[in-house]
Amino acid sequence: MTQLLADISHYFPITDPTWIFFVVLCIILFAPMLLNRLHIPHIIGMVLAGILVGEYGLGLLRRDASFRIFGEVGLYYIMFTAGLGMDIGGLKRNLSRGLTFGAATVVIPGVAGYVVGHFVLHYSPAASLLLACILASHTLVAFPIVTRYGLTRHISVTISVGATMLAVLGSLLVLAGISGTFTGSGNAVFWVWLAVKCILFCLFMFFALPPIIRGFFHNVADNVFQYIFVLIIVFFSAAFSKLCGLEGIFGAFLAGLVLNRYIPPASPLMHRIDFVGNALFIPYFLIGVGMLINVSLLFEGWHTLWVVLVILAAATASKGLAAWACQRLFGWDKASGWMMFGLSNGHAAGALAMVMVGTALYVAPGQPLMSDEVMNAIVMLILFSCIISSFATEHAAKELALHAEAGTPQTQDEEKIMIALHNPSTVSSLVALALIGAHKRGMPLVAVNVVLDNAESEKARAQGLRMLDKAVSMAAAVDIKMETQSRWAVNVTSGLIHAMKEFRATEIIIGLHERQHLSDIYYGRVAQTLIAGIDRQISVLRCTVPFNTLRRIHVLVPSKAQFEVGFQRWIDRIARIAGQLDGRITFYAHPKTLNSITQVMNERHNDRTFNGEVFTDWSNLVSIASHVGTDHLVAVVAARRGTLSYKQRLDTLPDLLERYFSSRSLLVIYPDQYGSAEVHPSSFSAALSPSAPHE
């Protein structure tokens with residue numbers, strides 16, 4: 001038996017790259033499946049698996065260069081996705097709360113770390129200050145749990161992520177000061193030069209980089225190229241941050257903030273980012289963290305165990321106190337407090353990097369600033385803080401997700417969006433509008449292509465099927481199932497009306513007709529007939545730039561629009577689009593209409609940034625046009641004849657839109673008029689006339 005074990009041990013640790021990758025993939029697959037049965041967060045499973053297969057466990061794998069590379073990539077990926085998922089508008093509205101929690105989660109653990117280090121463990125002032133930095137900083141180890149529950153834009157998460165960066169930045173600056181003191185470079189010139197480099201780095205990130213990103217997304221539509229470009233931005237920012245004397249995680253987080261505006265949460269690109277990170281990079285990082293941990297250190301002696309317990313208690317209690325105090329101060333529920341504690345309690349590679357700096361600095365020959373005993377204690381802190389952080393975040397996420405589901409505003413009836421596809425060049429923008437405007441992830445979507453029964457029908461049908469396949473692919477990229485239909489008809493309008501009835505669609509999205517002659521109808525004959533023939537919401541779109549690069553929405557609303565049945569629905573649609581694009585909304589309307597819009601926004605979308613301007617002269621849009629940029633969307637709420645908000649001067653609206661917004665992205669919305677999905681019988685007679693192609 002001994003000989004057999006000796007023969008087997010000859011093959012370990014595994015050095016063949018193929019087998020290493022195979023073992024890692026098995027861990028990524030089976031560890032969460034096993035621990036889910038035990039109701040243990042899968043993040044803990046990754047860390048425990050790393051302990052088991054690492055050199056301090058069974059010795060199956062050695063923490064070689066692949067784990068160091070993928071581990072660093074995974075850490076950057078966590079910080080990047082944290083910045084990418086942040087609700088920037090929510091953080092701006094709650095900036096004082098973010099700064100308060102950021103200060104609390106730095107100062108309270110920092111003071112606790114210094115007191116414990118100096119007065120309990122009897123370390124030197126410099127070593128105690130370094131321990132304070134370690135306890136004050138934290139890593140968003142549990143952030144993938146938040147992503148899984150779809151809570152990345154919850155206010156407690158947003159504030160916790162912002163506080164993380166304050167904690168990391170503050171700790172890094174103190175660490176730089178300690179290191180500079182021991183190496184002799186911590187003079188005034190050092191601090192001035194560090195400040196200059198940091199300022200230049202931030203200026204580049206927030207002012208020079210956005211035009212490059214916007215230009216790339218304007219000109220490159222290939223999904224693979226877009227994803228590679230995003231990774232380039234992330235790792236360039238991380239490398240640039242290191243050059244400036246900061247950690248790479250700071251640059252990765254800033255990259256997420258900069259890209260936040262250009263990657264909507266419901267976009268295929270965001271889905272790919274989450275998928276690759278959660279499937280490979282982040283698990284690799286967690287397994288690598290586990291491989292650093294030597295559990296046997298706990299049994300080396302009572303003094304080592306005492307140091308571990310003291311540091312762990314100080315770190316956990318101080319982070320918990322900061323979260324509890326801020327939760328009570330903000331008047332939030334307990335679940336939000338647990339979320340803040342869970343996200344701010346985790347310690348990982350950052351803590352290990354700081355203690356390694358301490359062991360490399362010497363107060364005297366042969367006497368390091370921090371002993372190996374402290375390093376062992378920090379390694380144990382990483383293990384237990386990851387476990388506590390994961391359990392706390394999982395508990396909070398479940399509670400917040402249940403509350404969010406219960407508090408979701410109810411729509412008048414179950415929504416179902418239908419997309420009319422005709423022009424291949426408009427498929428991407430129309431589907432993007434449907435995906436971004438959907439009120440929930442599983443909301444039904446339908447794509448329809450109507451083929452006219454004529455001599456060109458076979459060619460048109462083949463083109464239509466290709467467009468439907470593209471729409472299905474875009475929806476599948478964000479895990480949404482889209483129904484499709486290619487139908488024959490003698491008239492496009494009647495085909496769309498019948499499809500709306502069959503699918504019981506509550507809204508139809510069509511493209512704005514491209515006029516070939518001045519005598520052509522502005523919206524296109526199909527749109528014009530649909531507007532006259534159905535009572536459901538109709539959205540007519542023209543997008544001059546990629547939809548994800550739009551950053552502001554100007555909404556023109558007629559007076560008395562608040563009395564229409566579809567008033568609330570179109571506000572919900574605009575608010576959801578703005579939320580996905582992280583853009584600001586400006587409403588232009590009569591004062592009484594503005595009051596009604598403000599009331600609905602405050603009741604149903606109080607997390608959106610918006611403002612209102614009094615506007616009554618529809619014959620002169622020049623004042624609005626002067627504020628509309630190339631990356632803005634003009635949304636016009638129109639009115640059908642005979643409705644309460646209809647005015648005769650709205651008949652000139654197509655000419656005004658052509659005059660003032662011919663080169664701008666445009667969305668014209670005809671709201672619901674009645675509360676049912678029924679179609680006017682008159683629409684069939686209106687549809688009997690030949691129709692011009694729609695888009």
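Let me start with strand β8, residues 552-556, which runs parallel to strand β11 and is joined to it by five bridges. Please keep in mind throughout that what we have on the screen is a predicted model. If you want one pair of residues to hold on to while you look at these two strands, take I553, whose bridge partner in β11 is L633.

Now stay with β11 and look at its pairing with strand β12, residues 665-670, because here again we find a parallel arrangement joined by five bridges. For this pairing the residue to find is A635, whose bridge partner in β12 is L667. Between β11 and β12 there is also a helix to consider, since β11, helix α25 (residues 653-661) and β12 make a β-α-β unit, and that unit is right-handed.

How many of the six residues of β11 are buried? The answer is six of the six, so this strand, residues 632-637, is largely enclosed by the rest of the structure. As a general point, side chains in a regular strand alternate between the two faces of the sheet. In β11 you can follow this residue by residue, with H632, V634 and V636 pointing one way, and L633, A635 and V637 pointing the other way, and every one of them is buried.

Let me step back to the chain as a whole, which has 695 residues, 55% of them buried. Its secondary structure comes to 26 helices and 12 strands. If we take the contacts with a separation of 6 or more, 82% of them are between residues 24 or more positions apart.

A single residue can illustrate such a contact, and I have chosen S156, which is found in helix α9, residues 155-183. Is S156 buried or exposed? Its relative accessibility is 0%, and because buried means under 20%, S156 counts as buried. Leaving aside the neighbours within four places in sequence, S156 is in contact with W332, S336, M339, M340 and L400. Of these, consider W332, which lies 176 residues from S156 along the chain, while the C-alpha atoms of the two are separated by 8.9 Å.

Next, the empty space inside. Rolling a probe the size of a water molecule over the atoms shows where empty space is left. In this structure, a search of the whole model finds two cavities of 30 Å³ or more, and the largest cavity has a volume of about 60 Å³. Which residues line the largest cavity? They are Y77, T81, F143, P144, T147, D274, G277, N278 and I282, and they divide into four nonpolar, four polar and one charged. Three helices, α4 (65-85), α8 (143-148) and α13 (268-291), each supply at least two residues of this lining, and α13 gives the most, with four.

I will finish with two residues that have a positive phi although neither is a glycine, namely H122, at about 60°, and K560, at about 70°. H122 is found in the loop between α6 (95-120) and α7 (125-136), and at 63% relative accessibility it counts as exposed. K560 brings us back to the strand we began with, as its place is in the loop between β8 and α22 (567-581), and with a relative accessible area of 43% K560 is partly exposed.

Key. Residues numbered from 1 in each chain as written. Predicted model: local features only at pLDDT ≥ 70, side-chain atom pairs only at ≥ 80, totals over all residues. Heavy atoms only, no water. 1 Å grid on protein atoms, 1.4 Å probe; cavity = no way out; pocket = protein on both sides within 12 Å on 5 of 7 lines; lining within 4 Å. Points joined across faces, edges and corners; volume = space filled by probe spheres on them. Nonpolar A, V, L, I, M, F, W, Y, C, P; charged D, E, K, R; others polar. Buried < 20%, exposed > 50% of the residue type's maximum accessible area, 1.4 Å probe, protein only. Right-handed = clockwise from strand over helix to strand, strands pointing away. Contact = heavy atoms within 4.5 Å.
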